[in-house]
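Visitor: I am new to this structure and would be grateful for a close look at one part of it. Could you please guide me through the open sheet and then through some residues outside it?

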Amino acid sequence: MTASRFTPGDYCLAVKRARAGRGLFALDPIPKGACIIEYVGPTLDEEAWINSRNRYLFKVTERKTIDGWNKENMARFINHSCRPNCEIEIRKGRVFVMAKRAIKAGEELAYHYGNEYLDGVIKPMGCKCLKCSS
Ligand SMILES: [Zn+2]
């Protein structure tokens, strides 16, 4: 298989203390448009999803949800931001985190979790992203 736009680059990433608990940080500069990491995990069907109390779920489609609570999935540490530096691209049912703009070494990675999650879960607790808390 040849490398594509959706092959995660070999960027050094680290989990560190962030504004909202823990977060995932870039230790290398990442160019705009680069594929940073894939959100990986077992797939849950609708019933398993409804019964799960797991916080680390990524809803790919109405029928498919990825269970992100596994050690391999560093992407689970990426926090929400209302002004994110990353964006999600879904390709053939797989979830990739892409650089929305050029990212500097030391920046925390963040993507927008979607309005449904924002209104239902984040806003009631108070959004801790850079845009909302500064
Ligand atoms: Zn916010």
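Guide: What follows takes the sheet first and then turns to a loop and a helix. Please bear in mind that this is a predicted model.

The sheet is open and consists of three strands, placed in the order 3-9-8 and paired in antiparallel fashion. Its edges are formed by strand 3 (35-39) and strand 8 (86-91); each has a single partner strand, so one side of each is left without a neighbour in the sheet. From one strand to the next, the twist averages 30°.

The pairing of strand 3 with strand 9 can be followed in detail. Strand 9 covers residues 94-99, and four bridges join strand 3 to strand 9, the two running antiparallel. Within this part of the structure, I37 stands opposite V97, a residue of strand 9.

Let us now turn to the loop. N70 is located in the loop that lies between strand 6 (65-67) and strand 7 (79-80). N70 counts as buried because its relative accessibility is 17%, where the cut-off for buried is under 20%. A polar atom of the N70 side chain lies 3.2 Å from the backbone oxygen of D67.

The helix offers another setting. V121 belongs to helix 2, which comprises residues 115-125. With a relative accessibility of 34%, V121 counts as partly exposed. Together with Y117 and M125, V121 makes a nonpolar surface patch of about 280 Å².

Definitions and conventions
Residues numbered from 1 in each chain as written. Predicted model: local features only at pLDDT ≥ 70, side-chain atom pairs only at ≥ 80, totals over all residues. Heavy atoms only, no water. Patch = residues over 30% accessible without salt bridge, like charges linked within 9 Å, V, L, I, M, F, W, Y side chains within 5 Å. Areas by Shrake-Rupley, 256 points an atom, 1.4 Å probe, with all protein chains shown as cover. Salt bridge = Lys/Arg side-chain N within 4 Å of Asp/Glu carboxyl O. Buried < 20%, exposed > 50% of the residue type's maximum accessible area, 1.4 Å probe, protein only. Pairing = 2+ DSSP bridges. Axes fitted to C-alpha atoms, helices over the stretch in contact; angles between N-to-C directions. Polar contact = N/O pair within 3.5 Å; in protein donor to acceptor, adjacent residues only side chain to side chain.
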